[in-house]
2 protein chains.
Amino acid sequence: MPHEHDHSHDPCHHDHSHDHIHTHSVPNTKDKFLDRLKEQGFKLTGKRRSIVEILLEEDRYISAKDLLERLKAQFPRLSFDTVYRNLHLLKEERLIEESVFGDGGSKFRIACDTNHHHHHFICTVCGKTQLVAGCPMDALQLEAPTGFHIETHRFEIFGHCANCCQSASAR
Amino acid sequence: MPHEHDHSHDPCHHDHSHDHIHTHSVPNTKDKFLDRLKEQGFKLTGKRRSIVEILLEEDRYISAKDLLERLKAQFPRLSFDTVYRNLHLLKEERLIEESVFGDGGSKFRIACDTNHHHHHFICTVCGKTQLVAGCPMDALQLEAPTGFHIETHRFEIFGHCANCCQSASAR
DNA sequence: ATCAATGCAAACCTTTTGCACGCGT
DNA sequence: ACGCGTGCAAAAGGTTTGCATTGAT
């Protein structure tokens with residue numbers, strides 16, 4: 001199982017520019033993501049590449065369904081199972097972020113920053129996000145209830161982004 | 001449709017103590033909830049009563065499934081559809097709160113306070129909650145991205161409550 | 001008597017799983 | 001050649017809906 005490779009990161013790693021150059025090309029970032037997978041011993045299949053590429057291009061929260069739809073153009077026989085399997089893999093490798101939305105459905109976006117803890121403004125129309133400055137766990141000087149052991153927290157601000165506000169008023 | 005009754009609240013409303021007195025009786029609160037439904041023109045069926053009662057007794061986040069299970073004792077032929085229909089109704093009337101948990105499943109709890117905005121510490125084991133003092137939207141002096149129109153936010157702190165910490169270490 | 005509430009069954013949607021085959025390494 | 005990755009099909013959850021019946025008012 002490739003998952004079990006050690007997580008020490010290769011300090012001497014350069015970005016190689018090769019194949020698959022896209023319109024909205026994201027210079028080295030893409031390779032950084034793919035290399036990370038390779039380091040971990042995962043195979044770089046065309047589908048896996050494309051999922052990373054699309055998520056990078058989109059740069060917003062997107063559902064498995066929408067993602068599959070985009071991928072179908074390239075891989076007509078692709079189905080949900082593979083998409084989910086890859087999304088789970090990418091999430092475990094911390095290359096993407098998942099958020100469960102109000103309707104109970106999950107959406108995924110490329111990791112904004114693999115190192116820093118952060119929260120998002122999220123546009124409920126298009127899924128675009130923007131970073132929130134600060135974290136409530138620091139800002140609120142809260143003391144946990146006696147004996148309560150904090151594991152995680154969730155903080156998200158939902159609304160319409162500038163673009164989607166426009167289109168809404170232009171209606 | 002009773003839903004369409006006006007939402008002006010009756011200023012002169014007293015709690016009547018009648019039928020259905022329970023072990024963990026929650027004095028007037030229960031009637032307050034039921035009266036609210038009656039005011040809105042909804043029928044007070046046995047099932048609806050019981051759902052409110054159970055949610056009041058539990059006083060924690062509980063899944064539709066767990067709720068159904070508890071109700072089955074009293075109403076063996078009760079099924080999910082009715083539970084969900086009632087949960088939706090209660091949510092619309094703001095008598096209960098819903099939260100989508102990490103696994104994508106919804107859980108419900110009796111409304112803590114119909115008037116005040118609040119956030120929760122939530123025990124991921126038993127669902128018990130405790131109020132968080134303050135709201136990140138106030139604490140963080142954040143300015144929304146230009147043109148971003150904030151609609152809602154979500155802030156929840158997950159972990160193990162004192163009780164569930166104990167049982168875990170007692171293992 | 002009326003109309004909301006319920007039971008039943010079935011549909012729906014998202015996500016997951018088993019298994020045999022295909023493909024990246 | 002090895003073993004992960006994939007397609008297919010099917011199952012699994014959780015939630016919703018249509019319709020006829022029951023029941024609260």
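User: Where in chain A of this predicted model does A:Cys161 lie?

Analyst: Happy to start there. This is a predicted model. In chain A, the helix α6 covers residues 162–169. A:Cys161 sits in the loop between β6 and α6 of chain A.

User: Is A:Cys161 buried or exposed?

Analyst: The cut-off for buried is under 20% relative accessible area. A:Cys161 has a value of 9%, so A:Cys161 counts as buried.

User: Leaving aside neighbours within four places in sequence, which residues is A:Cys161 in contact with?

Analyst: Good one, as the list involves both chains. From chain A come A:Cys123 and A:Cys126. From chain B, the contacts are B:Gly147 and B:Phe148.

User: At which residues does UniProt place the feature "binding site", and what is the largest C-alpha distance?

Analyst: The UniProt record, an unreviewed entry, places this feature at A:Cys123, A:Cys126, A:Cys161 and A:Cys164. These residues are spread over 42 residues of sequence, yet they cluster in space. Their largest C-alpha distance is 8.1 Å.

User: Where does A:Cys126 lie, and which residues is A:Cys126 in contact with, leaving aside neighbours within four places in sequence?

Analyst: A:Cys126 lies in the loop between β4 (119–123) and β5 of chain A. Two of its contacts, A:Cys161 and A:Cys164, also appear in the UniProt "binding site" feature. The others in the list are A:Arg60 and A:Tyr61.

User: In what order do the 6 strands of the open sheet run, and which are the edge strands?

Analyst: The pairing in this sheet is mixed, and the twist averages 25 degrees from one strand to the next. The order is β5(A)-β4(A)-β6(A)-β6(B)-β4(B)-β5(B). Pairing on one side only marks the edge strands, β5 (129–132) of chain A and β5 (129–132) of chain B.

User: How do β6 of chain A and β6 of chain B pair, and what is the bridge partner of A:Phe155 in β6(B)?

Analyst: Both strands cover residues 149–160 of their chains, and they pair in the antiparallel sense over 11 bridges. In β6(B), the bridge partner of A:Phe155 is B:Phe155.

User: Which residues of α3(B) are buried, and what covers them?

Analyst: In helix α3 (residues 64–74) of chain B, the buried residues are B:Ala64, B:Leu67, B:Leu68 and B:Leu71. They cover an arc of only 100 degrees around the axis, so they lie on the same side of α3(B). On the other side, B:Lys65, B:Glu69 and B:Ala73 are exposed. The cover over the buried residues includes α2 (46–58), β1 (62–63), α4 (80–92) and β3 (106–110) of chain B.

Notes:
Residues are numbered from 1 along each chain as its sequence is written. Chains are lettered from A and ligands numbered from 1 in the order in which they are written. This is a predicted model: local features need pLDDT of at least 70, side-chain atom pairs count only at pLDDT 80 or more; totals for chains, interfaces and linings use all residues. Side-chain values use heavy atoms; hydrogens and water are left out. Two strands pair if DSSP finds at least two bridges between them. Helices (H or I, at least four residues) and strands (E, at least two) are DSSP runs, numbered from the N terminus. Axes are lines fitted to C-alpha atoms, for helices over the stretch in contact, and angles run from 0 to 180 degrees between N-to-C directions. Buried means under 20% relative accessible area, exposed over 50%, partly exposed in between (1.4 Å probe, protein chains only). The arc is that of the directions from the helix axis to the C-beta atoms. Contact means heavy atoms within 4.5 Å. UniProt positions are given in the numbering used here, feature names are shortened, and annotations may be inferred rather than shown by experiment.
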